[in-house]
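Me: I am new to this structure and should like to understand the terms used to describe it. Please set each value against its definition.

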Amino acid sequence: MQTDTDVLTFPAPRPAADLAWREDALCAQAGPEFFFPAPGSSTREAKQLCGACEGRVACLEYALAHDERFGVWGGLSEKERLRLRRTQRS
Ligand code: SF4
């Protein structure tokens, strides 16, 4: 059960600067299907674009912090982020 205190403290408010990387996101020009491909489709081209994106590290940190389950974020696929999370926990 959620209490008033939970609402006030979780999730923690994020400063606007946390999302500044989105302004330079190269994927904004590519379209969502490029970064959220159908299951089994290649993520290679999306990852190449991420490799040239100045916000890559911040994007990946955001995806890990917000447990983004789908798509390519910060140059990593869903499976790669899951693997990274497991490595960080051990
Ligand atoms: S790293 Fe990739 S997914 Fe993240 S903002 Fe840049 S292009 Fe988009």
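Me: What share of contacts between residues at least 6 apart in sequence joins residues at least 24 apart, and what makes two residues a contact?
Reply: The share is 42%. Two residues are in contact if their C-beta atoms, placed from the backbone, lie within 7 Å. The model is a predicted one, in which local features need pLDDT of at least 70, side-chain atom pairs count only at pLDDT 80 or more, and totals for chains, interfaces and linings use all residues. Residues are numbered from 1 along each chain as its sequence is written.

Me: What makes the pattern of the protein α-α-α-α-α?
Reply: The protein has 5 helices and 0 strands. Helices (H or I, at least four residues) and strands (E, at least two) are DSSP runs, numbered from the N terminus.

Me: Why is Cys50 called buried, and what is the status of Cys53?
Reply: A residue is buried if 20 or more other C-beta atoms lie within 10 Å of its own, exposed if 12 or fewer, and partly exposed in between, with C-beta atoms placed from the backbone. Cys50, in helix α3, has 22 such atoms within 10 Å and is therefore buried. Cys53, in the loop between α3 and α4, has 19 and is therefore partly exposed. Beyond four places in sequence, Cys50 touches Arg56, Val72, Gly74 and Gly75, while Cys53 is in contact with Ala25 and Leu26.

Me: How do you know that the residues UniProt lists for "binding site" gather at one spot?
Reply: The unreviewed UniProt entry lists Cys27, Cys50, Cys53 and Cys59. They span 33 residues in sequence, yet no two of their C-alpha atoms are more than 11.0 Å apart, so they gather at one spot. UniProt positions follow the numbering used here, feature names are shortened, and annotations may be inferred rather than shown by experiment.

Me: What makes a set of residues a nonpolar core, and how many residues has the largest?
Reply: Such a core is a set of buried Ala, Val, Leu, Ile, Met, Phe, Trp, Tyr and Cys residues joined through C-beta atoms within 7 Å. The largest has 10 residues, among them Cys27, Cys50 and Cys59. α3 and α4 are the elements giving two or more residues to this core, and α4 gives the most, with 3.

Me: How do you know whether α5 lies largely in the open or is buried?
Reply: Of its 12 residues, the number buried is 1, so α5 lies largely in the open. Helix α5 (residues 78-89) reaches 17 Å from its first C-alpha to its last, close to the 16 Å expected; the expected span is 1.5 Å times one less than the number of residues.
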